[in-house]
Each structure stands twice: as C-alpha cells, then as structure tokens.
Amino acid sequence: MSLKDCLKRGALITAANWHVVVVQFVADALFKTLLAVPIVGGVFLAVLLIGGDPNELLSLPVTEIVPTMASVLMAQPLALAAFLLAMAVVLFGGSLLMFLVKGGTVTVLIAADRAAGAIEHPPLRLPAFRRATQFSLDQFTGGAARLFPRYVRLGLWLMVVYALSTVVSLAFVFGPRQDSGDWRMLAAVASLALVAWITVVNFFYLLFQVVIATDDVGVREAAGGVARLIRHDFRNVSLVFVATFVLVILTTAASILATTALGLIAFVPLVGLAALPLQLVAWLVRGLVFEFIALTALTAYLRMHRGLRDGYQQPGLAPDNTVHQISRTA
C-alpha cells in the first residue's frame with residue numbers, strides 16, 4: 001500500500017471506532033492527573049520541611065521548582081523515600097490502567113481492519129463505514145482481559161528501558177567531566193537525545209503491541225514478527241513513522257499558538273472571561289487529536305503486518321510477489 005492509502009485507511013478505521021479514541025484520551029488524562037497528585041504533595045512537603053510559603057515555591061519557574069524540591073527532600077531521607085514511594089505507586093497503577101485499555105483498543109481495531117474491506121478506496125459509502133465500526137463493550141473488555149498479562153510484561157520491559165535511559169542521561173549531565181563547559185548545554189543535548197531515543201523506543205513498543213495482539217503470541221515470540229515486518233516492509237513502516245512524527249510536531253505547534261492566543265485574550269476585560277472555557281476546549285481537542293493520530297499509525301502498522309503475515313492480497317494491497325514468497329517461506 002502507498003503511504004497515502006495506509007494513512008487514509010488508518011484514519012477511516014479509527015474514525016469509525018471513535019469510541020476507542022475517547023477511551024484512550026480519558027485513560028491518559030486520568031493517568032496524568034493521578035501522576036500530578038504526588039508531585040503537588042512533594043511540593044507542599046518540601047515547603048513544610050523548610051517552613052516557607054507554598055506560593056513562593058510555586059511562583060518559581062518550572063526549571064527551578066523540581067531542583068529546589070529535590071534538594072530539600074534529599075536532605076530528609078525519610079521524606080524523600082515517602083515521596084518516591086508515592087510516585088512509584090501512582091506510576092505503576094496508572095501504567096496498569098493504560099495496559100488494560102490498550103489491550104481493548106487494539107482488539108477493536110484488529111476486528112475493524114478485518115471487516116473494513118477496501119475502505120481506503122473511493123467512493124466511501126455509509127455501509128462500508130458502518131462495517132468498519134466494530135466497537136462493542138463486550139469485545140473491548142474481552143480483548144483487554146485477554147491481552148492484559150502480555151501487555152503488562154511488555155510494559156515492564158518498557159519501564160526498564162525508560163529507567164535505564166534516564167539514568168544514563170543523568171549520568172551524562174551530572175557525571176565527572178574534564179572540561180568546564182556549560183552544564184545547561186549538556187543538559188539540553190542530553191534531553192534532546194533522550195527524547196529522540198524514547199521516541200524510537202515507543203515506536204518499537206507500538207509494533208510489539210500490534211504483533212502480540214494480531215498473532216496472539218507472547219512478548220518473546222513477537223520479537224520475530226517485529227523484525228520480519230521491519231526487514232521486509234521497512235520503507236512503508238518508516239514512512240508512516242515519519243509522517244506521524246511530522247503530524248505530531250505540527251499539532252503541537254498549533255496547540256502552542258492557540259494557547260498563546262488564548263493567553264492574550266485573558267487580559268482583555270470581559271472578553272477574558274471566555275478564555276477559560278476556550279482553553280478547556282482547546283485542551284480537549286488537542287488530546288483527542290493526539291490520540292487519533294497515534295491510533296491511525298497503529299492501524300496502519302496493523303494493516304502492513306496482516307498483509308505480510310497472511311501472505312495473500314487483500315483489497316487495497318498492491319501486487320507484490322516478493323511479499324508472497326517471503327510469507328510462504330516464513
């Protein structure tokens with residue numbers, strides 16, 4: 001399939017199952033909200049330890065709040081241990097929720113991809129769109145329960161990679177250095193490298209989710225399917241990844257501009273009263289768009305993997321004898 005057909009098919013199937021977009025957005029928002037609770041608690045704990053005013057700490061720039069809070073808590077091992085334990089509990093519990101929701105989401109999208117036919121080719125008619133709508137509460141919960149143990153194991157590996165990557169990045173910034181360069185420049189370089197690495201890790205994490213759910217295999221067996229998909233369809237996979245990355249950047253830039261514009265409106269008398277509802281709407285739209293883009297990419301990868309695995313041409317797939325031969329051999 002061409003890049004246009006891959007993205008178009010993914011977007012149409014995701015739009016037909018818009019319910020999973022909403023569920024993913026709610027779960028992600030809940031996870032971030034829960035994660036903010038121990039952070040705010042840590043701020044007040046640090047303020048209580050130094051006997052200051054919470055407003056003074058919260059009025060500091062974001063780049064100074066975390067170092068200030070960390071320096072205070074590190075001087076009190078018991079308080080630091082309590083803060084880290086609270087963060088670990090919330091992080092682990094929220095991650096389990098996300099793994100559970102993702103299992104149901106991927107199950108629904110797999111069923112939709114199988115039932116959609118050549119939905120990416122015009123004309124698009126309402127019966128075809130309805131045929132691609134496969135969301136049901138029973139199917140979502142059944143898929144979540146079936147994939148949850150394997151997604152937890154995969155997620156634990158992801159957390160290990162995140163932790164090791166963060167430790168390496170911090171060691172690079174704060175480790176012993178012979179030069180006297182500016183540490184802020186090192187921190188910026190390390191942050192950019194960490195973001196780029198995490199983006200690649202999340203890309204492979206998404207492919208593992210697709211292969212585990214589609215082939216109904218474990219994490220170890222899914223590694224072969226991911227390697228085969230990248231090896232035999234590297235061009236389309238990389239193009240979808242780049243296109244998704246560009247869309248995320250453009251959406252982020254648009255959301256920043258919208259937030260800045262709404263911030264300027266807030267200073268206008270009377271008209272500024274509408275800024276808060278508009279900011280809430282902008283936050284909702286931004287979150288839903290990000291989830292829609294992510295699930296569109298997931299559905300595109302799903303289509304590629306099913307086409308390669310099944311070894312037969314389905315509607316919408318361009319003829320490729322090489323892929324046929326590879327699939328039969330595999």
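The following questions and answers go through a predicted model, from its confidence to its salt bridges.

Trainee: What do the numbering and the confidence limits rest on?
Mentor: Residues are numbered from 1 along each chain as its sequence is written, and side-chain values use heavy atoms, with hydrogens and water left out. Because the model is predicted, local features need pLDDT of at least 70 and side-chain atom pairs count only at pLDDT 80 or more, while totals for chains, interfaces and linings use all residues.

Trainee: Which helix has the lowest confidence in the protein chain?
Mentor: The pLDDT, the predictor's confidence in each residue from 0 to 100, averages 80 over the protein chain, and 80% of the residues score at least 70. Helices here are DSSP runs (H or I, at least four residues), numbered from the N terminus. Confidence is highest in H9, at 89, and lowest, at a mean of 37, in helix H12 (residues 321-329).

Trainee: How many contacts does the stretch 312-330 have beyond near neighbours in sequence?
Mentor: Over residues 312-330 the pLDDT is below 50. Contact means heavy atoms within 4.5 Å. Beyond near neighbours in sequence, the number of contacts in the model for this stretch is 28.

Trainee: What span does helix H1 reach from its first C-alpha to its last?
Mentor: Helix H1 covers residues 3-16, which is 14 residues. The expected span is 1.5 Å times one less than the number of residues. For H1 the expected value is 20 Å, and the model is close to it, reaching 20 Å.

Trainee: Is Arg9 of H1 buried or exposed?
Mentor: Buried means under 20% relative accessible area, exposed over 50%, and partly exposed in between (1.4 Å probe, protein chains only). The H1 residues that meet the buried limit include Asp5, Cys6, Leu12 and Ile13. Arg9 is also on that list, and is buried.

Trainee: With which residue does Arg9 form a salt bridge?
Mentor: A salt bridge is a side-chain nitrogen of Lys or Arg within 4 Å of a carboxyl oxygen of Asp or Glu, and the structure holds seven. For Arg9 the closest N and O atoms of the pair are 2.7 Å apart, and the partner is Glu120. Arg9 lies in helix H1 and its partner in the loop between H5 and H6, so the pair ties together parts that are 111 residues apart in sequence. Both residues are buried, Arg9 and Glu120.

Trainee: How many residues apart in sequence are the parts tied together by Asp113 and Arg306?
Mentor: Asp113 forms a salt bridge with Arg306, with the closest N and O atoms 2.7 Å apart. Asp113 lies in helix H5 and Arg306 in helix H11, so the parts tied together are 193 residues apart in sequence. Asp113 and Arg306 are buried, and a network of salt bridges links Arg9, Asp113, Glu120, Arg303 and Arg306. The separation asked for is 193 residues.

Trainee: Which residue of the Lys32 and Asp28 pair is buried?
Mentor: The salt bridge between Lys32 and Asp28 has its closest N and O atoms 3.2 Å apart. Being four residues apart in helix H2, the two are separated by about one helical turn. Lys32 is exposed, with a relative accessible area of 52%. At 19%, the buried residue is Asp28.

Trainee: Which helix gives the most to the nonpolar patch?
Mentor: The patch, about 350 Å², is made by Trp18, Val22, Val26 and Leu288. Leu288 lies in helix H11 (residues 275-310) and is partly exposed, with a relative accessible area of 32%. With three residues, the main contributor is helix H2 (residues 18-50).

Trainee: Where is the cis peptide bond?
Mentor: Pro123 is in the loop between helix H5 (77-116) and helix H6 (126-132). With omega near 0°, the cis bond runs from Pro122 to Pro123.

Trainee: What is the phi of Asp216?
Mentor: Asp216 lies in the loop between helix H8 (183-215) and helix H9 (219-232). Asp216 is partly exposed, with a relative accessible area of 46%. Although Asp216 is not a glycine, its phi is positive, at about 55°.

Trainee: Which residues does Thr251 touch, not counting residues up to four places away in sequence?
Mentor: Thr251 is in helix H10 (residues 234-265). Thr251 is buried, with a relative accessible area of 17%. Beyond four places in sequence, Thr251 touches Val289, Phe290 and Ile293.

Notes:
Patch = residues over 30% accessible without salt bridge, like charges linked within 9 Å, V, L, I, M, F, W, Y side chains within 5 Å. Areas by Shrake-Rupley, 256 points an atom, 1.4 Å probe, with all protein chains shown as cover.
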